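This briefing goes with the sequence and model shown below. It takes up the pocket, the nonpolar cores, the salt bridges and the overall fold in turn.

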Amino acid sequence: MEAMEAMEAAPVEQLLALPFSFGGKEYKLKDYWDNARGRSNEKRQKFTVFLKKAHRKAVARAGDGPGGALRSLLPLKRARDQPDPSTSGETAGWRNFQLKESVHVKRKRASDYERMEHISSELSKVQWRGWGNPFRELITPENCEAFGVPDYFKIVEKSVSLDVISRRVREHRYASFSHFEADVRLVVSNAKLFNREGEKVHQFATELEARFDALLQEA
């Protein structure tokens, strides 16, 4: 009992330094902590609770050998490919948390792409009398003269268009919704940068941005 109370009060650093054996090899819990780097504080805290629970169980299992239940931590990565019979309840709980998180991320990504498809489609439908939609076609160094803007790339550093954005959405090339939004904002800022305030395309860009902001509120 005293040993368990002492381990419960032990700082995480001490737990991470604990060795345990598996398959005739020695490992340290720090290997698994390092894998948690880059995660949010909330996830790291959950991992800390998981470590302490596993360690208390190991202490309770006197006579189980060095590391006790801690050896069940090793299959965490391997268990993604196949179940491991030595996996403890704590490990299974942690893996369930990881799987739920993965499903949540996939669902959010699918939802984000539905929003992107809807918004990009709506922006492409915007028309101005006598102009159509001047933001759909991509201006390139090869066609800028044909578009009547031969000095375009002397002013604009990176060209993008609504058609390019729609293609990227179809091909699922955006890592997040914020990257999609950044491209739409770039279409607007390029148009305002190249066309002076008061000119038609500058005004169209302002209206396109207003439409985009409205769609963001709807979605």
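**Briefing on the predicted model**

Helix H8, residues 177–194, contributes four residues to the lining of the largest pocket, the most of any contributor. The model is a predicted one. In this model, the protein has nine helices and two strands, and 37% of its 219 residues count as buried.

**Largest pocket**

- The largest pocket encloses about 390 Å³ of space.
- Its lining is made up of 18 residues, of which Pro-134, Phe-135, Glu-137, Ile-139 and Val-201 are the closest to the pocket centre.
- By residue class, the lining of the largest pocket has twelve nonpolar residues, five polar and one charged.

**Nonpolar cores**

- Nonpolar side chains tend to be buried together in soluble globular proteins.
- Here the largest nonpolar core comprises 26 residues, and the ones with the most contacts inside it are Ile-119, Leu-123, Phe-135, Ile-165, Phe-180 and Leu-208.
- Two or more residues of this core come from each of helix H5 (89–125), helix H7 (162–170), H8 and helix H9 (200–218).
- H9 gives the most to this core, seven residues.
- Leaving aside residues up to four places away in sequence, Ile-165 touches Val-160, Tyr-174, Phe-180, Asp-183, Val-184 and Val-187.
- A second core, separate from the largest, has six residues, among them Ile-139, Cys-144, Val-156 and Phe-194.
- Two residues appear under both headings: Phe-135 is among the residues closest to the pocket centre and among those with the most contacts in the largest core, while Ile-139 is also among the residues closest to the pocket centre and belongs to the second core.

**Salt bridges**

- The structure contains eleven salt bridges.
- Arg-168 and Asp-183 form one through their side chains, at 2.6 Å from N to O.
- This pair joins distant parts of the chain, with Arg-168 in helix H7 and Asp-183 in helix H8, 15 residues apart.
- Asp-183 has a relative accessible area of 8%, under the 20% cut-off, so Asp-183 is buried.
- Arg-185 and Asp-213 form another salt bridge, at 2.9 Å from N to O.
- Because Arg-185 lies in helix H8 and Asp-213 in helix H9, this pair ties together parts that are 28 residues apart in sequence.
- Both ends of that pair count as partly exposed: Arg-185 has 26% relative accessibility, and Asp-213 has 31%.
- Arg-185 and Asp-213 also belong to a network of salt bridges that links them with Glu-181, Lys-192 and Glu-209.
- Arg-196 pairs with Glu-199 in a salt bridge whose closest N and O atoms are 3.6 Å apart.
- Arg-196 is exposed, at 64% relative accessible area, whereas Glu-199 counts as partly exposed, at 32%.

**Overall fold**

- Read from the N terminus on, the elements run α-α-β-β-α-α-α-α-α-α-α.
- Among contacts in the protein with a separation of 6 or more, 56% are between residues 24 or more positions apart.

**Helix H8 in summary**

- Helix H8 gives the most residues to the lining of the largest pocket and is one of the elements that give two or more residues to the largest core.
- Helix H8 also carries Asp-183, which pairs with Arg-168 in helix H7, and Arg-185, which pairs with Asp-213 in helix H9.

Note on methods. Residues numbered from 1 in each chain as written. Predicted model: local features only at pLDDT ≥ 70, side-chain atom pairs only at ≥ 80, totals over all residues. Heavy atoms only, no water. 1 Å grid on protein atoms, 1.4 Å probe; cavity = no way out; pocket = protein on both sides within 12 Å on 5 of 7 lines; lining within 4 Å. Points joined across faces, edges and corners; volume = space filled by probe spheres on them. Nonpolar A, V, L, I, M, F, W, Y, C, P; charged D, E, K, R; others polar. Core = buried A, V, L, I, M, F, W, Y, C linked by side-chain atoms within 4.5 Å. Buried < 20%, exposed > 50% of the residue type's maximum accessible area, 1.4 Å probe, protein only. Contact = heavy atoms within 4.5 Å. Salt bridge = Lys/Arg side-chain N within 4 Å of Asp/Glu carboxyl O.
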